[in-house]
Amino acid sequence: MTNNTITRPAKAIILSAGQGRRLLPLTESTPKCLLPVAGKPVLAWQIDALLAVGIEEITIVAGFQAGLIEMLLQQRYANHPAIKILFNPFFEVADNLASCWIARTAMDSDFLLLNGDTVIESALLTQVLKSEPAPITLSVDYKNTYDADDMKVQLDTDGWVRQVSKIIPPHQVDAESIGLIYFREQGPQIFRQAVESALRHPAELKSWYLSIIDALAKQHLVNACSVKGFRWCEIDFIEDLARAGIIFSD
């Protein structure tokens, strides 16, 4: 008998520790993840999408104005006790690799890892959850040209990730990472060990976790899942908020 049931991860981790200084003055006293998109905070869009696909266990790594994030959870998700916060005390001096280190104990089974500034729809999550099994699955989209701020991806002929970086030469770029990764099988253990190993070196405090994914891609551990045609928007600049509002206004 064929089993068409989607095997859903037990949990999700959302990295929301940063302030989002490129969005000042909007983020002067409000973390980027709480900025409104079509009348709802970015973080609420993410949590609602996760709940819609059956993911109840959600860990949010908070830092800047963490109390406001706690307030949002109390107001909107009091009936979801498996949604919790981990505080990252290094958010002012470290990048998101440190947030992954803070959440490493939650990486003990299949999980989704989301950047705290990417608004997504639940159908996009379903697409990723149905993707071909791989230790690590990087969600990617495609466009005609890529700018300096895009997290660029090079793929091999079979769709596996060769490298992911902002500085891939234009002629090698095939896609962009949207800020959503699915870890399965041995993927959670591999990633957790790589994070722990990297942060034994103080210089890595300033690293992005995608530097780890880039290294693991060179070991043929990272597949790609296209989310082309699904709704998502990364919030980096004030104009991104307006664009996200249009995309998610329905």
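# A guided tour of side-chain contacts and helix packing

Select Glu-239 to begin: its relative accessible area is 55%, so Glu-239 is exposed. The model on display is a predicted one. Glu-239 belongs to helix H7, which covers residues 238-247. Now add Leu-23 to the selection and draw the distance between the two C-alpha atoms: the separation is 9.3 Å, although Glu-239 and Leu-23 stand 216 residues apart along the chain.

**The aromatic pairs**

Turn next to the rings. A pair of aromatic rings is described by the distance of the centres and the angle of the planes. The model contains 4 aromatic pairs. One of them joins Phe-87 and Phe-91, whose ring centres are 6.4 Å apart and whose planes meet at 70 degrees, an edge-to-face arrangement. With the surface switched on, Phe-87 is partly exposed at 45% relative accessibility. Phe-91 is partly exposed as well, with a relative accessible area of 21%.

Now select Phe-111 and Phe-183. Their planes are at 15 degrees and their ring centres 4.6 Å apart; planes under 30 degrees apart count as stacked, and therefore this pair is stacked. Colour the strands to see where the two rings come from: Phe-111 is in strand S6 (residues 111-115) and Phe-183 in strand S11 (residues 175-183), so the contact ties together parts that are 72 residues apart in sequence. Phe-111 is buried, at a relative accessible area of 0%. Phe-183 is likewise buried, at 0% relative accessibility. Add Phe-191 to the selection, and the view shows one aromatic cluster made of Phe-111, Phe-183 and Phe-191.

**Charges over rings**

Move to Trp-45 and show Lys-40 beside the ring. The charged end of Lys-40 sits over the Trp-45 ring, 4.1 Å from the ring centre. A second example is found at Trp-101, where Arg-104 lies over the face of the ring at 3.8 Å from its centre.

**The salt bridges**

Side chains of opposite charge can pair when their charged atoms come close. The structure has 13 salt bridges, and three of the bridges are visited here.

Select Lys-11 and Asp-108, whose side chains form a salt bridge with an N to O distance of 2.7 Å. Lys-11 is in strand S1 (residues 11-16), while Asp-108 is in the loop between helix H3 (96-102) and S6, so this bridge ties together parts that are 97 residues apart in sequence. Which of the two ends is buried, and which is exposed? Lys-11 counts as buried, at 8% relative accessibility, whereas Asp-108 is exposed, with a relative accessible area of 53%. Include Glu-57 in the selection to see a network of salt bridges linking Lys-11, Glu-57 and Asp-108.

Next, select Lys-143 and Glu-176, a salt bridge at 3.7 Å, N to O. Lys-143 is in the loop between strand S8 (136-141) and strand S9 (152-155), and Glu-176 is in strand S11, so the pair connects parts that are 33 residues apart in sequence. Lys-143 is partly exposed, with a relative accessible area of 35%, whereas Glu-176 is buried at 6% relative accessibility.

Then select Asp-48 and Arg-76, a salt bridge in which the closest N and O atoms are 3.8 Å apart. Asp-48 is in helix H1 (residues 42-52) and Arg-76 in helix H2 (residues 66-76), so the bridge ties together parts that are 28 residues apart in sequence. Asp-48 is partly exposed at 24% relative accessibility, and Arg-76 is partly exposed at 40%.

**The helix pairs**

Keep H1 and H2 in view and switch to a cartoon. The axes of H1 and H2 are 11 Å apart, and the two helices pack at an angle of about 45 degrees. H1 and H2 are therefore oblique to each other. The crossing in which H1 passes H2 is right-handed.

For the last stop, select helix H5 (residues 187-198) and helix H6 (residues 210-217). How do the axes of H5 and H6 cross, and within what distance do they come? They cross at roughly 120 degrees and come within 10 Å. H5 and H6 are therefore oblique to each other, and H5 passes H6 in a right-handed crossing.

Conventions: Residues are numbered from 1 along each chain as its sequence is written. This is a predicted model: local features need pLDDT of at least 70, side-chain atom pairs count only at pLDDT 80 or more; totals for chains, interfaces and linings use all residues. Side-chain values use heavy atoms; hydrogens and water are left out. Rings of Phe, Tyr and Trp (its six-membered ring) pair if their centres lie within 6.5 Å; planes under 30 degrees apart count as stacked, over 60 as edge-to-face and the rest as tilted. Buried means under 20% relative accessible area, exposed over 50%, partly exposed in between (1.4 Å probe, protein chains only). Helices (H or I, at least four residues) and strands (E, at least two) are DSSP runs, numbered from the N terminus. A charge sits over a ring if NZ of Lys or CZ of Arg is within 6 Å of the ring centre and within 35 degrees of the ring normal. A salt bridge is a side-chain nitrogen of Lys or Arg within 4 Å of a carboxyl oxygen of Asp or Glu. Axes are lines fitted to C-alpha atoms, for helices over the stretch in contact, and angles run from 0 to 180 degrees between N-to-C directions. Angles under 35 degrees count as roughly parallel, over 145 as roughly antiparallel, 65 to 115 as roughly perpendicular and the rest as oblique. A crossing is left-handed if the near helix is turned anticlockwise from the far one by less than a right angle, and right-handed if clockwise.
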